[in-house]
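Hi,

Here is the model I said I would pass on. Have a look at it first, and then read on for what turned up when I went through it.

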Amino acid sequence: GVEYSYYTEAISAGGYNIQSFHYRYLTKTKLPNAKVKGTLATQYAERVKRLSKAEKLNNEIKALEARIEDNTQRIQASLGLTDEQILADYYENGNGAGKPFKWPTWQQIIKNGAAKNYNNDEAYYYQQKAESEASSVNFWKKKNIEWPQQSNKIHEKEILKARKKLEAIVNQ
């Protein structure tokens with residue numbers, strides 16, 4: 001039942017850096033500001049803010065749970081592989097750093113004149129090759145089993161923190 005003044009003015013706008021001519025409307029009013037503390041609008045805005053925080057936390061929890069699920073599937077698939085299968089996967093896909101080094105045969109080493117790098121000893125060459133492949137398998141296991149397990153533990157802690165925050169928001 002209270003009357004407030006309201007004033008509007010249309011001005012032309014546009015210039016050399018504006019793509020088209022248009023009108024801009026300027027308004028002035030004495031209506032009460034909705035941002036004044038204690039108003040119904042402020043209370044409503046606060047509730048919406050809490051709700052949006054809760055939604056963000058719920059989305060964060062869902063994303064973390066999805067990561068845990070993906071990691072768990074990756075771990076389970078990786079645990080079922082033998083070292084030979086892991087090595088085959090490594091030679092096919094690498095470790096994420098481009099094409100892996102494929103060890104040539106001893107005959108190819110001799111042909112390339114690289115036998116001196118292995119003391120002209122075929123057994124020493126195959127020992128170096130086996131050590132390198134074992135290292136590649138160990139890194140593959142670390143990348144596909146150990147790291148996802150560690151990541152899951154971190155994600156579980158983050159979920160607990162987010163749930164505590166969510167509970168605090170809901171109980172307000």
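Let me start with a definition, since the next bit leans on it: a salt bridge here is a side-chain nitrogen of Lys or Arg within 4 Å of a carboxyl oxygen of Asp or Glu. With that cut-off, the structure holds two salt bridges. Do keep in mind that this is a predicted model.

Before the details of those pairs, a quick orientation. The chain has 172 residues, and 21% of them are buried. It contains two strands and four helices, in the order β-β-α-α-α-α along the sequence. Strand β2 covers 22-29, helix α1 covers residues 40-79, helix α2 runs over residues 83-93, α3 spans 106-112 and helix α4 takes in residues 122-170.

Now the salt bridges. As general background, side chains of opposite charge can pair when their charged atoms come close. One of the two joins Arg-163 to Glu-65, with 2.7 Å between the closest N and O atoms. This pair links distant parts of the chain, because Arg-163 sits in helix α4 and Glu-65 in helix α1, 98 residues apart. Arg-163 has a relative accessible area of 41% and is partly exposed. Glu-65 is partly exposed as well, at 35%.

The other salt bridge is between Asp-83 and Lys-141, whose closest N and O atoms are 2.9 Å apart. Here too the pair links distant parts of the chain: Asp-83 is in helix α2 and Lys-141 in helix α4, with their positions 58 residues apart. For Asp-83 the relative accessible area is 39%, so this residue counts as partly exposed. Lys-141 comes out at 28%, which also makes it partly exposed.

While you are looking at α2 and α4, check Leu-87. What is the C-alpha separation between Leu-87 and Glu-133? The two C-alpha atoms are 7.2 Å apart, although the residues are 46 positions from each other along the chain. Leu-87 belongs to helix α2. Its relative accessibility of 16% is under the 20% limit, so Leu-87 counts as buried.

Helix α1 has two polar residues that I would look at next. Asn-71 lies in this helix, and its side chain makes a polar contact of 3.4 Å with the side chain of Ser-151. Is Asn-71 buried or exposed? Asn-71 is buried, because its relative accessible area is 12%, and the cut-off for buried is under 20%.

Further along, Ser-78 is also part of helix α1. The side chain of Ser-78 reaches the backbone oxygen of Arg-74 at a distance of 2.8 Å. Ser-78 has a relative accessible area of 6%, so this serine is buried.

On the surface, there are two patches to show you. Which residues form the positive one? Lys-153, Lys-157, Lys-161 and Lys-165 do. Lys-153 is found in helix α4, and with a relative accessible area of 58% this lysine is exposed. The other patch is nonpolar, with an area of about 310 Å², and is made by Val-2, Tyr-4 and Leu-31. Of these residues, Leu-31 is located in the loop between β2 and α1.

Finally, a backbone detail. Asn-119 has phi near 55°, a positive value in a residue other than glycine. Asn-120 likewise has a phi near 55°. Asn-119 falls in the loop between α3 and α4, and Asn-120 is found in the loop between α3 and α4 too. How accessible are these asparagines? Asn-119 has 57% relative accessibility and therefore counts as exposed. Asn-120 is exposed at 56%.

If you open the model with just one thing in mind, I would begin with the salt bridges: Arg-163 with Glu-65, and Asp-83 with Lys-141. From there you can move on to Leu-87 in helix α2 and Asn-71 in helix α1.

Cheers

Notes
Residues numbered from 1 in each chain as written. Predicted model: local features only at pLDDT ≥ 70, side-chain atom pairs only at ≥ 80, totals over all residues. Heavy atoms only, no water. Patch = residues over 30% accessible without salt bridge, like charges linked within 9 Å, V, L, I, M, F, W, Y side chains within 5 Å. Areas by Shrake-Rupley, 256 points an atom, 1.4 Å probe, with all protein chains shown as cover. Lys, Arg positive; Asp, Glu negative; His and termini not counted. Charge placed at Lys NZ, Arg CZ, Asp CG, Glu CD. Buried < 20%, exposed > 50% of the residue type's maximum accessible area, 1.4 Å probe, protein only. Polar contact = N/O pair within 3.5 Å; in protein donor to acceptor, adjacent residues only side chain to side chain.
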